[in-house]
Amino acid sequence: MHRVLVSSCLIGHRVRYDGRAKTVSDTVLRRWRGEGRLVPHCPEVAGGLPVPRPPAEIEPGACAEDVLAGRARILTPDGDDVTACFVAGARSALATARERGVAVALLKQASPSCGSREVYDGTFTGAKVPGEGVTAHLLAGHGIAVFGEEEIDRADRYLRGLERG
């Protein structure tokens, strides 16, 4: 059985930077939970960041690949460099995915860790740009299909296709 790595905040864990969850109520998620597929993970907490914590964004004009290659940073509004925690969290997510037989990741959109289609632009104004967070990028680069929380049905179709062979 293929498992699904899921952002902990999406299933009710209060691990976001602001100490809250972003719980998604969905029949597919409930089914996956009942089937024992869900592998909750918060890369930011796994990387050593506290809850709550200041928000953080990838530097303007940079991308997840730049961060993972050491060419860009992830910063807080005060300019504190939290890149090492985000990179460690991404590596932790990949290790967890490999250990647990994960084929699909369902991650929180726009996060500098988990965004799979868009991320905040680095200006702390709420503006978003197309792109990926470091965890989403690392997982996808290692063959794990990554979906945002608004793509649960698509993720489920992908998972069913894998299991049909």
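How many aromatic pairs does the count come to? Keep in mind that this is a predicted model. The count comes to one aromatic pair. Its partners are Phe147 and Tyr158, with ring centres 5.9 Å apart. The planes of these two rings sit at 55°, and since an angle over 60 degrees would be needed for edge-to-face and one under 30 for stacked, the pair is called tilted.

Where do the two rings come from? Phe147 belongs to strand β8 (residues 145–148) and Tyr158 to helix α6, so the pair ties together parts that are 11 residues apart in sequence. As for how much of each residue shows, Phe147 has a relative accessible area of 4%, so it's buried. Tyr158 comes out at 35% relative accessibility and therefore counts as partly exposed.

Helix α6 (152–164) turns up again when you look at helix α1, because it is included in what covers the buried residues of α1, along with β1 (3–7), β2 (38–41) and β5 (102–107). Those buried residues are Val28, Leu29 and Trp32, in a helix that runs over residues 27–34. Why do they end up on the same side of α1? They cover an arc of only 100° around the axis, and that puts them there. Now go round to the face turned away from that buried side, and you'll meet the exposed residues Thr27, Arg33 and Gly34.

The two ends of α1 are worth a look too. At its start, Asp26 has a side-chain oxygen that reaches to within 2.7 Å of the backbone nitrogen of Val28. Following the helix comes Gly36, with a positive phi near 75°.

Technical notes: Residues are numbered from 1 along each chain as its sequence is written. This is a predicted model: local features need pLDDT of at least 70, side-chain atom pairs count only at pLDDT 80 or more; totals for chains, interfaces and linings use all residues. Side-chain values use heavy atoms; hydrogens and water are left out. Buried means under 20% relative accessible area, exposed over 50%, partly exposed in between (1.4 Å probe, protein chains only). Helices (H or I, at least four residues) and strands (E, at least two) are DSSP runs, numbered from the N terminus. The arc is that of the directions from the helix axis to the C-beta atoms. Contact means heavy atoms within 4.5 Å. A polar contact is a pair of N or O atoms within 3.5 Å; within protein, one must be able to donate a hydrogen and the other to accept it, and residues adjacent in sequence count only if both atoms are side-chain atoms. Rings of Phe, Tyr and Trp (its six-membered ring) pair if their centres lie within 6.5 Å; planes under 30 degrees apart count as stacked, over 60 as edge-to-face and the rest as tilted.
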